[in-house]
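Reader: I would like a close look at a single part of this model, with its surroundings described residue by residue where that can be done. Please keep it plain.

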Amino acid sequence: MAVSLPGALLARWCLVRLRRGEPAGGASNSSGSTPRAGPEGGRGARRSMASVELRQVRKQYGQTSVIHGVDVGVRDGEFAVLVGPSGCGKSTLLRMIAGLEEISSGEILIGDRVVNRVPPKDRDIAMVFQNYALYPHMSVFDNMAFSLRLAGRPREDIQRRVEEAARVLGLGEYLQRYPRQLSGGQRQRVAMGRAIVRAPQVFLFDEPLSNLDARLRVQMRTEIRELHQRLRTTSVYVTHDQIEAMTMADRIVVMNLGRVEQSGAPLELYDEPANVFVAGFIGSPAMNFLPARLRRTPDGVEAVLGDALGLPLEGCELPDGSALTLGVRPEHFVIGSGAGLPAQVLGVEPTGADTQIFCRVCGTPVTVISRERHRFEPGGMIRLTPLPGKTYLFDAAGGQRIPTRDPRRG
């Protein structure tokens, strides 16, 4: 009769059998492929990597659709970040790439192979989770070596791979310690090391920094990015933190409600957002949005904010009186006392390098960032003018970007 063993007990049982030279219960290399080189590819070895492509991928739970025809492409060696608010479908998408969730329709390709029906263990991927998932009764070395032992790799190969990964991750002196003796950042590095020693074609990261404090998150962001630049393995990283996305990604995929809103390089999304959602999600503090209307005059077209300011526009084909949303990033306001939008100061937060000023303009909260150390008092009035060529116009109904040109840019 088959017996189901808890994870920790199963791990201990497998190790005992391996040490005896017995098979670990069908955990050999099922693909029959030749083992690849370790973290650095080995001397003269070719580093393995592959593109990832999603074609019209959909996911349904009964009658409820959660992923709606997603198309995403990640090139060989690229670091792609799926970012969006909680519930947008980014983790579900990652789990479908890993094979932990079945797709309802569409295709997932790793390299040139469709993997829709390929089991997770045969997809040649390695996943790093939010909760580390380390075996508490195993040393750092044994945690990192565990999958290699299950695969029946030679002892010398295991030793070389683990030591090389530990060197890359700065874990050399901790190999004989247990997870309880490590800090949160060190545990996360062990989890990454366990993935690295397998030398997969694709790394998948599921919000790996969420459990760390702010300082450690900044440190680990840098370490993960440096690791990718060294290994150049195709990576798909999931986060809800747009700062992580901006600082780590070659390509960002912004998701919302199971759909891709926009995909591109970090600064491309920052400078050229496709809609209100992307404009408001990418950037910290977020872009300011002010209600406006289109006004056509004998002298041209302008976006009018309240009764105070009209911003000249060119190339806008909307009819006179159309409702608009004007977007201005916090760093793109000029603060003055003469012309401009009247703004009531609500509060001032000096951060050292710059000052954040919270205002109310035409009844709408607005955040301004200034490099100067202003000492405005709450309740006081200032004037704000958007920088020429630094405003964004969106359709008030659908939120899509309206292409225009600000003639003040010259």
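Which residues are buried in α2?

Author: The model is a predicted one, and what follows should be read in that light. In helix α2, the buried residues are Lys90, Thr92, Leu93, Leu94, Met96, Ile97 and Ala98. That is seven of the nine residues of α2, so the helix is largely enclosed by the rest of the structure. Buried here means a relative accessible area under 20%.

The surroundings of the helix come next. Helix α2 spans residues 90-98 and lies across β1, β2 and β4. Its direction is at about 115° to that of β1. Just after α2 comes Gly99, which has a positive phi, near 90°.

The strands under discussion belong to an open sheet. This sheet has four strands in the order β2-β1-β4-β5, and their pairing is antiparallel. The edges are taken by β2 (64-74) and β5 (113-114); each has a single partner strand, so one side of each is left without a neighbour in the sheet. In general, the strands of a sheet pair through backbone hydrogen bonds, in a parallel or an antiparallel arrangement.

One pairing in this sheet can be followed down to residues. Strand β1, residues 52-61, is joined to strand β4, residues 105-110, by five bridges in the antiparallel sense. Among the residues concerned, Leu54 has Ile108 of β4 as its bridge partner. Both β1 and β4 are among the strands that α2 lies across.

For reference, another enclosed element can be set beside the helix. Strand β12, residues 300-305, has five of its six residues buried, so β12 too is largely enclosed by the rest of the structure. Strand β11 (residues 288-297) runs antiparallel to β12, and five bridges join the two. One bridge pairs Arg296 with Val301 of β12. The connection from β11 to β12 is a hairpin of two residues.

A buried residue is also found in a loop. His374 sits in the loop between β18 (364-370) and β19 (381-386). Its relative accessibility is 19%, so His374 counts as buried. The side chain of His374 makes a polar contact of 3.1 Å with the side chain of Ser370. Setting aside neighbours within four places in sequence, His374 is in contact with Ile335, Val348, Thr355 and Ile357.

To return to the part you asked about: α2 lies across β1, β2 and β4, and Gly99 follows the helix.

Key. Residues are numbered from 1 along each chain as its sequence is written. This is a predicted model: local features need pLDDT of at least 70, side-chain atom pairs count only at pLDDT 80 or more; totals for chains, interfaces and linings use all residues. Side-chain values use heavy atoms; hydrogens and water are left out. Two strands pair if DSSP finds at least two bridges between them. Contact means heavy atoms within 4.5 Å. Axes are lines fitted to C-alpha atoms, for helices over the stretch in contact, and angles run from 0 to 180 degrees between N-to-C directions. Buried means under 20% relative accessible area, exposed over 50%, partly exposed in between (1.4 Å probe, protein chains only). A polar contact is a pair of N or O atoms within 3.5 Å; within protein, one must be able to donate a hydrogen and the other to accept it, and residues adjacent in sequence count only if both atoms are side-chain atoms.
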